[in-house]
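This briefing introduces one protein to a reader who has not seen it before. Please look over the sequence and the structure, then read the points that follow.

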Amino acid sequence: MSQTKTLKVRVTLFCILAGIVLAMTAVVTDHWAVLSPHMEHHNTTCEAAHFGLWRICTKRIPMDDSKTCGPITLPGEKNCSYFRHFNPGESSEIFEFTTQKEYSISAAAIAIFSLGFVILGSLCVLLSFGKKRDYLLRPASMFYAFAGLCILVSVEVMRQSVKRMIDSEDTVWIEYYYSWSFACACAAFVLLFLGGLTLLLFSLPRMPRNPWESCMDAEPEH
């Protein structure tokens, strides 16, 4: 592999590494979406919530003169609990109606698949550092691209989950916005998917210069 191509591969791997960090951050944090309830004029506090793939946190926030709930960063009494289908022994009745079980399980499972593809891709990259093992960058690139696609699917499943929670008559929340964990997941998709495709292009052998020259006949790169 030429020095120019090696430099391009290293820059691409750095972008992919950033995508991996963002993906792991999105998976383990619980700020995918922030939910706000319907406000009454006589209320002095409101209960906002933020949640991720594994748990939901509610916070009772004092209301200001504008009678708005939030932002979620304001101080208040906070209560976090894992979703019941991930922790059956925990007492958390709120999850029976604040989350759609099939959606949250699907989003979490797909995110785990994404991390699995990341691990496989990283193993291929580490093994490719050996002599004459550049061909391992090709399966690594595909694993990273698949990881990005899984993150995208998980993001869409989470979007549908939030929409159903807001539309449900069993919940008190009527407003929502996506938070920084959701942004991390979207950025991770872009970096992993595009980085994987770019790595694949850089790791492919040089195309023949002439129509009668095959890939096997082409001069090897040094």
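Helices and strands here are DSSP runs, of at least four residues for a helix and at least two for a strand, numbered from the N terminus. On that basis the protein has five helices and five strands. The model is predicted.

**Overall make-up**
- Starting at the N terminus, the order of elements is α-β-β-β-β-α-α-α-β-α.
- The protein has 222 residues, and 41% of them are buried.
- Of the contacts between residues at least 6 apart in sequence, 61% join residues at least 24 apart.
- The exposed area of the protein is about 12700 Å², with 64% of it supplied by carbon and sulfur atoms.

**Strands 2 and 3**
- Strand 2 (residues 45-51) pairs with strand 3 (residues 55-62) in the antiparallel sense, over seven bridges.
- The two strands are joined by a hairpin of three residues.
- A49 lies opposite T58 of strand 3.

**Helix 5**
- Helix 5 covers residues 180-203, which is 24 residues.
- At 1.5 Å a residue the helix should span 34 Å, and this agrees with the 33 Å between its end C-alpha atoms.
- Buried residues in helix 5 include S181, C184, A185, A188, L192, G195, G196, L199 and S203.
- The phenylalanines F182 and F189 of helix 5 are buried as well.

**A nonpolar surface patch**
- I119, L120, L123, L126 and F129 make a nonpolar surface patch of about 530 Å².
- I119 belongs to helix 3 (residues 101-128).
- I119 counts as exposed because its relative accessible area is 54%, and exposed means over 50%.

Methods:
Residues numbered from 1 in each chain as written. Predicted model: local features only at pLDDT ≥ 70, side-chain atom pairs only at ≥ 80, totals over all residues. Heavy atoms only, no water. Expected span 1.5 Å × (residues − 1). Buried < 20%, exposed > 50% of the residue type's maximum accessible area, 1.4 Å probe, protein only. Patch = residues over 30% accessible without salt bridge, like charges linked within 9 Å, V, L, I, M, F, W, Y side chains within 5 Å. Areas by Shrake-Rupley, 256 points an atom, 1.4 Å probe, with all protein chains shown as cover. Salt bridge = Lys/Arg side-chain N within 4 Å of Asp/Glu carboxyl O. Pairing = 2+ DSSP bridges. Contact = heavy atoms within 4.5 Å.
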